[in-house]
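Visitor: I am new to this structure and would like to be led through it slowly. Could you show it to me first and then take my questions?

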Amino acid sequence: MLQTLFHGWERRLASVTTDRVVRPFEWGLDWMSPNGHRDISDISHRDARPLKQLHDWVAHIMEDTDAFFTPPPTRDYKLSDRRPEGDRLLTFPTAFATPHPTNNTVYCRWFEARADRNAPRAAVLVLPQWNADAEGHAGLCRLLAWNGLSALRLSLPYHDQRMPPEFHRADYIVSANIGRTLQVCRQAVLDARRAIAWLAAEGYERIGILGSSLGSCLALLTTAHEPLVRAEALNHISPYFADVVWRGLSTEHVRQGLDSHVELDTLRALWKPISPRWYLDRRLDRRTLLVYARYDLTFPVDLSEDLVREFRDMNVPHELAVLPCGHYSTGRAPFKYVDGWILTRFLKRSLTSG
């Protein structure tokens, strides 16, 4: 009875959004750089078939994912004065230049906690969900700051201020364009690592990361490649990027663009670099919280349980919380308060004690 109730509520909440567009399928070979891991011309055994080129490119990426996910350093950070909202705005250039200039400046909202001489300086990088607006997770950031954890909320690529004026949704980060989805998710990780570098330069000794939904996937990828991250809170989880897109309620329109062009097994192989499953052995020294919702239709529950099982089978230390709601309803009262409390309690304990 509860499952029927929550699944109905989830579908109603999802149906509120009416501007989803089915975009055409594209291999996205034009996104295989020169700004990427390697230029197309460097891939051995070049083949005219797009699928073969993408498979070769992904194989090269997986040989050295540190090279793929490590940005060159920058000193071009700008921090505004305090704004009426109580936070400050941090901007810096992205490490991956896209064809849209608007998307190539990274915007972060900075919620600084009151200094405590008796506690270590701790900060959390917050990566919100897909299509979050500029206010998404701002309340959670304030909650973190009230608990002594400064919070830096990063706008994902093609979101809010980074969205070109002709766009209505952040479709370029998750779409039926294979190469573009991979590269824009990579861009988010590069941006996150530059944000973490700024936190370290500001003197923060203990740095955590919090990601929700798509942000959870990107947070895990960031943690796997960023040694400065001490703890991560992953809110809504799956081992495979492709499976969520293929089966999730929120991505049904993306699936329609993929249908008849690519099968799930192929998609899973092509999006391997942005799938959490392949990086679990890189996180044995980090504190990890896994959170999923029992009635989730966007991140299907069996996928979340698969990732938890992988953590257990590989003996990766972690804590687990299961919310008694769905994906969209996590953002509604009373569940958003429960979720916020679980995430904040874990990060405060992980970053300020011991």
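Guide: One term comes first: rings of Phe, Tyr and Trp (its six-membered ring) pair if their centres lie within 6.5 Å, and planes under 30 degrees apart count as stacked, over 60 as edge-to-face and the rest as tilted. With that term in hand, one aromatic cluster is formed by Phe6, Trp9, Tyr295 and Phe335. This is a predicted model, in which local features need pLDDT of at least 70 and side-chain atom pairs count only at pLDDT 80 or more, while totals for chains, interfaces and linings use all residues. Residues are numbered from 1 along each chain as its sequence is written, and side-chain values use heavy atoms, with hydrogens and water left out.

Visitor: What is the mean pLDDT of the chain?
Guide: pLDDT is the predictor's confidence in each residue, from 0 to 100. Over residues 36-41 it stays under 50, and where pLDDT is low, the predicted coordinates should not be read in detail. For the chain, 95% of residues reach 70 or more, and the mean pLDDT is 94.

Visitor: How many aromatic pairs does the structure hold, and why is the pair of Phe68 and Phe69 edge-to-face?
Guide: The structure holds 17 aromatic pairs. In the pair of Phe68 and Phe69 the ring centres are 5.0 Å apart and the planes stand at 80°, so this pair is edge-to-face.

Visitor: Is Tyr158, whose ring pairs with that of Phe167, buried or exposed?
Guide: The rings of Tyr158 and Phe167 have centres 6.2 Å apart and planes at 20°, so they are stacked. Buried means under 20% relative accessible area, exposed over 50% and partly exposed in between (1.4 Å probe, protein chains only). Phe167, at 12%, is buried, and Tyr158, at 0% relative accessibility, also counts as buried.

Visitor: Which strands stand at the edges of the open sheet?
Guide: Strands (E, at least two residues) are DSSP runs numbered from the N terminus, and two of them pair if DSSP finds at least two bridges between them. The open sheet of nine strands has the order 1-2-3-5-4-6-7-8-9, with mixed pairing. Each edge strand has a single partner strand, so one side is left without a neighbour in the sheet, and the two in question are strand 1 (78-79) and strand 9 (319-323).

Visitor: Which residue in strand 2 does Leu79 stand opposite?
Guide: Strand 1 and strand 2 pair in the antiparallel sense over two bridges. The residue in strand 2 that stands opposite Leu79 is Leu90.

Terms used. Contact means heavy atoms within 4.5 Å. Helices (H or I, at least four residues) and strands (E, at least two) are DSSP runs, numbered from the N terminus.
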